[in-house]
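Please look over the sequence and the structure shown below, and then read the briefing that follows, which is arranged by topic.

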Amino acid sequence: MAGLLGLMFVAFLLQIAFRYFFNFPVGWSSELTVATWLWLVLWGSAFVLKESEEIRFDLITSAVGPRARRAMGIAAGVALVVLYGMSFPAAWSYVTFMKVERSSYLHIRLDWMYSIYLVFAAAVIVRHLWLLWRLARGKDTEAPDSRTASSGL
Amino acid sequence: MNPASPFSLCVLAIVALSLLGLPVGHAMIAGSVLYLYLAGLDMGTAAEQLLNGMYTSYLLLAIPLFILAAEFMNSGSIMDRLLRWCNALVGRYRGGLAQVNVVQSIVFASMSGSALADAAGSGKLMQTLMTRDGKYTPAFAAALTAVSSVLGPIIPPSIPLVLYALISDTSIGYLFLGGVIPGLLLGIVQMALIALTAKRRNFPVEPAVPLREWPRLTWDAFPALMMPVILLGCLYSGITTPTEAAAAAAAYALAVSAFLYRSTGWRDVYNSLVTSARITVSIGMLIAGALVFNYVITIENIPRTLSVMLKGYELSPLVYLLIVNLILLVLGCFLEGTTILLVIVPVLLPTAHALGIDPVHFGVVAVVNIMIGLVTPPYGLLLFMMVKIAEVPLKDIVREVMPFLGVMIGALALITLVPDLVLFLPRLLGYKG
C-alpha cells in the first residue's frame, strides 16, 4: 500500500518535471496517479485497514453494554451483507461492460481498471460475514477506539 | 416530503447504519444502494458513480499529497527549528511559550492542511517544553496545543477546503485565499486570550533571545519558512494545478528534511508513506460513500425541492447562516468532521445557493465551524489526541479549552456576519462573487 502511494508521488514528480523542465507534457502520468488513488483506497479498505481505523460514529456503540453492542453489530452486519450482496450482480455487469472502453493513454481496458471494485465489494461481504460469525459465537467486537481513527483533518 | 419515499428511507438507513456502528463510508454506500433498489433504478449505478467519481476527480489527489507533505515535515527536525524561531519572536512576553505555541501553529498551518498532523507533530515537544519546571499545568499545555492546531486547515493549504471544493464545485484557489484572514483572526483572538490570562495566572516569561542570534535562527528555519511561499506561489501564479502544488510541497518537505537537515532516513520515508496511506484510505472510503450519496441527492433534485419550499418562508441569508452555524456546532460535538463535511454540508448547501449566499463564504464558515468541532467535547478528535500525547484526563483538558472555545465562537460569529473578512482577499485576486 505504501508502494502505491509512493508510485503516485513519483508519477506526480515526473509529470511536473516533464512539463516544466523538458517542456513535454505527458498524459500517462496523470492517468497513473488516478489509477493508483482508486486502487489504493479500495484495496486498502478491503484488506489493510483494521476495523478500529475506520471512521465511524462510535458514541453509542461504546456507551452500551457488550450484549447490546453484539446485537447492534449483528443487525448492521446483516444489513451491509444483504445490500452489498444485492448490488453485486449489477456492479459485476457494469464493470464487465466497461471492457468496451480503454483508458486514453495507457490503453488499459477499463474493466481491468475498475475490477478493483468487485474485489473490494466481495472482500467487504466476506469480511462482514466473518465478523457476523464471530459475533454469533458470542465474541465481542473489537472495542472502538476513536483515538486511532485518523481522518486527515 | 413523504416519509416513506425512497429518499427518506435512504437517509434513514444511512443514519441508522452509522448509529449501529458501521463505518460511515459503508453506511453511505449501503443506504444509496437501498435507494436505487427502492426507486427501481439499476443498482450497478452505485459502482459506476463511485468508480467514475474517484477516477475522474483529479483534484482529490491533493488530499493524499497534503497528508504526505505533513508526514514528511513531522518526521524531520523542521518542527524543532520552527519552534526555536518562534521562541525568538514571542518568547520574551508574559506567557511566552504559550504564545510560541500559537505562532508555531500559524506558521505550520501555512504549510500543512491538517489539524491532527499539527497536533501530532508539535504536541509532544510543546508539552515537554511547557510543563518543564512546572511552568504551565499539563492540562493547560495540552488544551492550548489542541486549540491552536485548529488553525491548520483554515489557513491554506487545507484538506477540508479541498473536500468542500469537491462537493460545491467552487474554485480551490479562491477558497484557500478566503481562509487566510479568518485563520489569522482565530490566531489573534487566541493570543489575546493568552495575554489576558497570562497576567491573571502569572505565566512565566522566557529569557529574551538576543537580537544578534536572530539571523542565525532565521537562517536555520529559512528552508522551512520558504515552504508556504513555494506552495502558494505555485498555486496562484498558475504554474501548477492545486494537485501538483501539493505534490511539489511534499517533494520539498522531503528534500528539506532528508538532504538539507539530514534528519530523515529511508526508514522514516517508508514509515511516512505507510501512515499517510492508512489515513488516505480511511478518508478515501468516506469520499467514495459521499460520491454515491451525492448522486442520489442530484437525481432526487433536492436543490429545486428546497428552493420551492423556502419560497414559503421569509428566510434571510443571515438567519440561515446563523442556523447553519448552530446546526454544525451542535453536530460537531458528536460527529467526526469529515462526516459532517461530506454528509451534512451537501444537504445544507443547496439552500445557501437558493438564498444567494456566496459559496466561498459559506465554505469557509462551514470549515471554521467543523474545525472548532474538533475541540468540542464530548467528541473532539484533537482532544482525544492530546489525551493520548499528554496523558492528561479528558475532563481537565476540556476545562482549559472552554475559554478558548468562547473566543473562537466569537470570531466565528464575526466571520459569519462580515462576509468581507472571507471575501476580501479572493476579490483582490479576481474572484467575482
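**A surface patch, a core and some charged pairs**

W28(A), Y105(A), L106(A), I108(A) and W112(A) together make a nonpolar patch on the surface, with about 520 Å² of accessible area; a patch of this kind joins nonpolar side chains (Val, Leu, Ile, Met, Phe, Trp, Tyr) within 5 Å, from residues with over 30% relative accessible area and no salt bridge, and the areas come from the Shrake-Rupley method with a 1.4 Å probe, where only the protein chains shown count as cover. This is a predicted model, in which local features need pLDDT of at least 70 and side-chain atom pairs count only at pLDDT 80 or more, while totals for chains, interfaces and linings use all residues. Residues are numbered from 1 along each chain as its sequence is written, chains are lettered from A and ligands numbered from 1 in the order in which they are written, and side-chain values use heavy atoms, with hydrogens and water left out.

**Surface and core**

- W28(A) lies in helix α2 (residues 28–48) of chain A, where helices are DSSP runs of H or I with at least four residues, numbered from the N terminus.
- W28(A) is partly exposed because its relative accessible area is 32%, given that buried means under 20%, exposed over 50% and partly exposed in between (1.4 Å probe, protein chains only).
- The largest nonpolar core, a set of buried Ala, Val, Leu, Ile, Met, Phe, Trp, Tyr and Cys residues joined through side-chain atoms within 4.5 Å, has 198 residues, and those with the most contacts inside it are Y117(A), F362(B) and V375(B).
- Helix α13 (residues 266–299) of chain B gives the most to this core, with 14 residues.
- Leaving out residues up to four places away in sequence, Y117(A) touches L42(A), A91(A), A47(B), L50(B) and L51(B), contact meaning heavy atoms within 4.5 Å.

**A buried glycine**

- G179(B), which lies in helix α10 (residues 172–201) of chain B, is buried because its relative accessible area is 1%.
- Among the residues that G179(B) touches are I154(B) and V364(B).

**Salt bridges**

- A search of the whole structure finds 8 salt bridges over all chains, each being a side-chain nitrogen of Lys or Arg within 4 Å of a carboxyl oxygen of Asp or Glu.
- R201(B) and E400(B) meet through their side chains in a salt bridge (3.1 Å, N to O), and this pair links distant parts of the chain, 199 residues apart.
- E400(B) is buried, with a relative accessible area of 12%, whereas R201(B) counts as partly exposed at 32%.

Notes. Helix = DSSP H or I, 4+ residues; strand = E, 2+ residues; numbered from the N terminus. Patch = residues over 30% accessible without salt bridge, like charges linked within 9 Å, V, L, I, M, F, W, Y side chains within 5 Å.
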